[in-house]
Amino acid sequence: MGENKTAFLITGRPGCGKTTLIRRLVEALGVSAGGFYTEEIRGRGRREGFALATLDGQSATLASIGSASRHRVSRYGVNLDAIDEVGAPAIERATAGAALVVIDEIGKMELLSNRFRQAVLAALESGKPMLGSIMLAPHPWADAIKSRPEVSLILLSEANRRQVEDQLLAELRARLGHRSS
């Protein structure tokens with residue numbers, strides 16, 4: 001994965017386990033971590049939207065099918081306030097004070113926010129270890145992030161999930177100054 005890499009961004013098809021893997025790694029590392037996860041909002045047996053949950057206990061609805069927002073991604077109306085007032089500040093706090101910055105995810109919805117983009121760039125430029133997920137589909141801004149020298153891009157699939165988890169755990173422990181156990 002490379003010695004000069006500080007940001008480990010997981011990509012892959014929807015449902016391949018990116019968020020689950022990030023959660024498992026953060027738990028296994030046991031260091032002070034900040035940032036956010038995205039979670040599905042389900043109702044009546046189907047996905048109705050997404051929530052943003054920070055590692056320090058805040059949450060907000062990121063997008064929902066019932067939203068009247070003019071900002072749309074597929075069938076979802078995107079709540080920019082959730083990104084600007086909950087997601088981006090969580091990244092900023094993590095960059096300032098946590099050992100590990102967690103960003104799940106850098107995707108179409110989040111990229112609608114300029115504050116989010118700036119928070120991601122500041123986190124990358126800080127040199128602090130980062131663990132996150134990034135959209136697989138082409139997107140000019142996301143593609144520029146993927147090609148940055150400090151970024152290690154990891155393609156996750158069902159077939160390589162266990163191997164990727166072991167590799168990332170070792171890499172992150174090395175960056176965070178832990179010994180592997």
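# Exercises on a predicted chain

Arg93 is partly exposed, with 36% of relative accessible area. The model is a predicted one, and the exercises start from this residue.

**Exercise 1. Which residue forms a salt bridge with Arg93, and which parts of the chain does the pair tie together?**

Step 1. The salt-bridge partner of Arg93 is Asp56, and their closest N and O atoms are 3.0 Å apart.

Step 2. Arg93 belongs to helix H2 (residues 80-97), while Asp56 sits in the loop between strand S3 (46-54) and strand S4 (59-64), so the bridge ties together parts that are 37 residues apart in sequence.

Step 3. Asp56 has a relative accessible area of 48%. Because exposed requires over 50%, Asp56 is classed as partly exposed.

**Exercise 2. Find the salt bridge between Arg175 and Glu171 and state whether each residue is buried or partly exposed.**

Step 1. The N to O distance between the two side chains is 3.1 Å.

Step 2. Both residues belong to helix H5 (residues 161-176), with a spacing of four residues, about one turn of the helix.

Step 3. Glu171 has 18% relative accessibility and is therefore buried, the cut-off being under 20%.

Step 4. Arg175, at 25% relative accessibility, counts as partly exposed.

**Exercise 3. Describe the salt bridge of Arg42 and place it among the salt bridges of the whole structure.**

Step 1. The side chain of Arg42 meets that of Glu40 at 2.7 Å, N to O.

Step 2. Arg42 has a relative accessible area of 52% and is exposed. Glu40 has 42% and is partly exposed.

Step 3. A search of the whole structure gives 14 salt bridges. Some residues are linked in a network of salt bridges, namely Arg24, Arg162, Glu165 and Asp166.

Step 4. For the charges as a set, the protein chain carries 24 positive and 20 negative side chains. The centres of the positive and negative sets are 4 Å apart.

**Exercise 4. Where does Leu136 lie, and which residues beyond its sequence neighbours does it contact?**

Step 1. Leu136 is in the loop between strand S8 (130-134) and helix H4 (140-146).

Step 2. Set aside the neighbours within four places in sequence; the contacts of Leu136 are then Thr11, Gly12, Arg13, Lys146 and Leu155.

Step 3. Take one of these, Arg13: it is 123 residues from Leu136 along the chain, yet the two C-alpha atoms are separated by 6.7 Å.

Step 4. With these contacts, Leu136 remains partly exposed, its relative accessible area being 40%.

**Exercise 5. Inspect the backbone at Arg44, Ser74 and the peptide bond between Asp104 and Glu105: what are phi and omega?**

Step 1. Arg44 has phi near 50 degrees, which is positive in a residue other than glycine. Arg44 lies in the loop between strand S2 (33-43) and S3, and with a relative accessible area of 72% it is exposed.

Step 2. Ser74 has phi near 60 degrees, again a positive value in a residue other than glycine. Ser74 lies in the loop between strand S5 (72-73) and strand S6 (76-78); its relative accessible area is 68%, and it is exposed.

Step 3. The peptide bond joining Asp104 and Glu105 is cis, with omega about 25 degrees. Glu105 is part of strand S7 (residues 100-106).

**Exercise 6. State how many helices and strands the protein chain has, and compare its radius of gyration with that of a compact globule.**

Step 1. There are five helices and nine strands in the protein chain. Along the sequence they follow the pattern β-α-β-β-β-β-β-α-β-α-β-α-β-α.

Step 2. For 181 residues, a compact globule would have a radius of gyration near 16 Å; the protein chain has 16 Å, which agrees.

Step 3. The C-alpha trace spans about 50 × 35 × 30 Å along its principal axes.

Step 4. Of the 181 residues, 53% count as buried. The chain exposes about 8800 Å², with 48% of this supplied by carbon and sulfur atoms.

Step 5. Consider the contacts between residues at least 6 apart in sequence: 65% of them join residues at least 24 apart. The contact of Leu136 with Arg13 joins residues 123 apart along the chain.

Technical notes: Residues are numbered from 1 along each chain as its sequence is written. This is a predicted model: local features need pLDDT of at least 70, side-chain atom pairs count only at pLDDT 80 or more; totals for chains, interfaces and linings use all residues. Side-chain values use heavy atoms; hydrogens and water are left out. Helices (H or I, at least four residues) and strands (E, at least two) are DSSP runs, numbered from the N terminus. Buried means under 20% relative accessible area, exposed over 50%, partly exposed in between (1.4 Å probe, protein chains only). Contact means heavy atoms within 4.5 Å. The radius of gyration is taken over C-alpha atoms; the globule rule is 2.2 Å times the number of residues to the power 0.38. Accessible areas come from the Shrake-Rupley method with a 1.4 Å probe; for residues, only the protein chains shown count as cover. Lys and Arg count as positive and Asp and Glu as negative; His and the chain ends are not counted. The place of a charge is taken as NZ of Lys, CZ of Arg, CG of Asp or CD of Glu. A salt bridge is a side-chain nitrogen of Lys or Arg within 4 Å of a carboxyl oxygen of Asp or Glu.
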